[in-house]
Amino acid sequence: LTIPRGGEYQLVLSDGTRIWMNADSKLHYPVAFMGSTREITLEGEAYFEVAHDETHPFKVHTSLGTIEVLGTTFNISAYPENSTSATLVSGKVSVSTRLSKATLIPGQQAILTIDSKIETRTVDTAFITSWRTGTYLFQDMPLRDIMAQLSRWYNVDIHFQSPELEDIRFTGGILRNEELAFAVSVISEVSN
């Protein structure tokens with residue numbers, strides 16, 4: 001399943017797992033799960049509500065590692081140009097790379113790095129998962145990351161005329177159903 005830039009999609013897998021796909025994302029999954037595990041592959045961002053099944057673990061493979069769960073709610077961001085992050089909303093997940101492994105509790109985020117390390121931190125999950133409800137909330141975020149999200153949402157390429165602008169940090173929110181011009185004007189109004 002490929003979700004283009006500017007798009008979003010919701011689906012229910014054969015086991016009852018619900019997935020919300022964000023813009024510019026790809027999901028590989030079977031029509032029906034067979035065997036002892038439920039395995040899918042993600043590139044991009046998705047929010048998961050995994051159907052509980054203790055005998056069949058649910059695994060999400062990304063280019064940098066694997067997230068394994070039994071039944072839980074979590075967000076994965078695995079865009080190719082960024083590190084992969086897994087944020088746990090409820091339940092429990094195990095995150096692994098070829099060199100590291102970590103177990104998350106609700107409110108924690110694991111960052112999977114290119115060198116196969118895992119860094120964990122406590123986060124406000126409302127900011128991480130806000131995209132699912134049509135709002136993009138951000139806190140002390142560099143403009144580079146905000147523009148990357150807007151680029152995917154509105155299907156436009158955004159380039160910085162001055163590289164020093166990329167590191168300006170913002171806190172706030174943008175509604176996805178507003179025009180891109182409105183989002184840019186909000187950012188312009190709160191900065192000089």
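# Exercises on a predicted chain

The mean positions of the 15 positive and 23 negative charges of the chain lie 6 Å apart. The model is predicted, and the exercises below work through the chain as a whole and then through single residues.

## Exercise 1. The whole chain

Task: describe the secondary structure, the extent and the surface of the chain, and state how its radius of gyration stands against the value for a compact globule.

Solution.

1. Begin with the secondary structure, which comes to three helices and 15 strands.
2. Along the principal axes, the C-alpha atoms fill a box of roughly 55 × 30 × 25 Å.
3. For 192 residues, a compact globule would have a radius of gyration near 16 Å; the chain has 17 Å, so the two agree.
4. Turn to burial: 45% of the 192 residues are buried.
5. The exposed area of the chain is about 10100 Å², and carbon and sulfur atoms supply 50% of it.
6. Among contacts with a separation of 6 or more, residues 24 or more positions apart account for 40%.

## Exercise 2. Trp 20

Task: place Trp 20 in the secondary structure, decide whether it is buried or exposed, and find its partners.

Solution.

1. Trp 20 belongs to strand 3, which covers residues 18-21.
2. Its relative accessibility is 8%; the cut-off for buried is under 20%, so Trp 20 counts as buried.
3. Leaving out residues up to four places away in sequence, Trp 20 touches Tyr 9, Gln 10, Glu 45, Ala 46, Tyr 47, Glu 49, Trp 131 and Arg 132.
4. One of these, Gln 10, also makes a side-chain to side-chain polar contact with Trp 20, at 3.2 Å.
5. Another, Ala 46, is 26 residues from Trp 20 along the chain, and their C-alpha atoms are separated by 5.5 Å.

## Exercise 3. Thr 87

Task: which side chain makes a polar contact with that of Thr 87, and is Thr 87 buried or exposed?

Solution.

1. Thr 87 is in strand 9, residues 84-90.
2. With a relative accessible area of 1%, Thr 87 is buried.
3. The contact list of Thr 87, without residues up to four places away in sequence, holds Phe 74, Asn 75, Gln 108, Gln 109, Val 123, Thr 125 and Ile 128.
4. From that list, Gln 109 is the answer: a polar contact of 2.9 Å joins its side chain to that of Thr 87.

## Exercise 4. Leu 11

Task: determine the strand, the burial and the contacts of Leu 11.

Solution.

1. Strand 2, residues 9-12, contains Leu 11.
2. A relative accessible area of 10% makes Leu 11 buried.
3. Not counting residues up to four places away, Leu 11 touches Leu 1, Thr 17, Arg 18, Ile 19, Met 21, Leu 27 and Tyr 29.
4. For Leu 1, which is 10 residues away along the chain, the C-alpha separation from Leu 11 is 10.0 Å.

## Exercise 5. Two threonines in loops

Task: for Thr 113 and Thr 37, name the loop and the side chain that each meets in a polar contact.

Solution.

1. Thr 113 sits in the loop between strand 12 (108-112) and strand 13 (118-122).
2. The side chain of Thr 113 makes its polar contact with that of Asp 115, at 2.3 Å.
3. Beyond four places in sequence, Thr 113 touches Leu 64 and Glu 119. At 16% relative accessible area, Thr 113 is buried.
4. Thr 37 is in the loop between strand 4 (25-28) and strand 5 (38-49).
5. A 2.7 Å polar contact joins the side chains of Thr 37 and Glu 39.
6. Setting aside neighbours within four places in sequence, Thr 37 is in contact with His 56, Pro 57 and Lys 59.
7. The C-alpha atoms of Thr 37 and Asp 53, 16 residues apart along the chain, are 9.7 Å apart.

## Exercise 6. Positive phi

Task: give the phi, the loop and the accessibility of Ser 116 and of Asn 155.

Solution.

1. Start from the general rule: most residues other than glycine have a negative phi.
2. Ser 116, not a glycine, has a positive phi of about 70°.
3. The loop between strand 12 and strand 13 holds Ser 116, and a relative accessibility of 6% makes Ser 116 buried.
4. Asn 155, also not a glycine, has a positive phi of about 55°.
5. Asn 155 lies in the loop between helix 2 (143-154) and strand 15 (169-175).
6. The relative accessible area of Asn 155 is 47%, so Asn 155 is partly exposed.

Note on methods:
Residues are numbered from 1 along each chain as its sequence is written. This is a predicted model: local features need pLDDT of at least 70, side-chain atom pairs count only at pLDDT 80 or more; totals for chains, interfaces and linings use all residues. Side-chain values use heavy atoms; hydrogens and water are left out. Helices (H or I, at least four residues) and strands (E, at least two) are DSSP runs, numbered from the N terminus. Buried means under 20% relative accessible area, exposed over 50%, partly exposed in between (1.4 Å probe, protein chains only). A polar contact is a pair of N or O atoms within 3.5 Å; within protein, one must be able to donate a hydrogen and the other to accept it, and residues adjacent in sequence count only if both atoms are side-chain atoms. Contact means heavy atoms within 4.5 Å. The radius of gyration is taken over C-alpha atoms; the globule rule is 2.2 Å times the number of residues to the power 0.38. Accessible areas come from the Shrake-Rupley method with a 1.4 Å probe; for residues, only the protein chains shown count as cover. Lys and Arg count as positive and Asp and Glu as negative; His and the chain ends are not counted. The place of a charge is taken as NZ of Lys, CZ of Arg, CG of Asp or CD of Glu.
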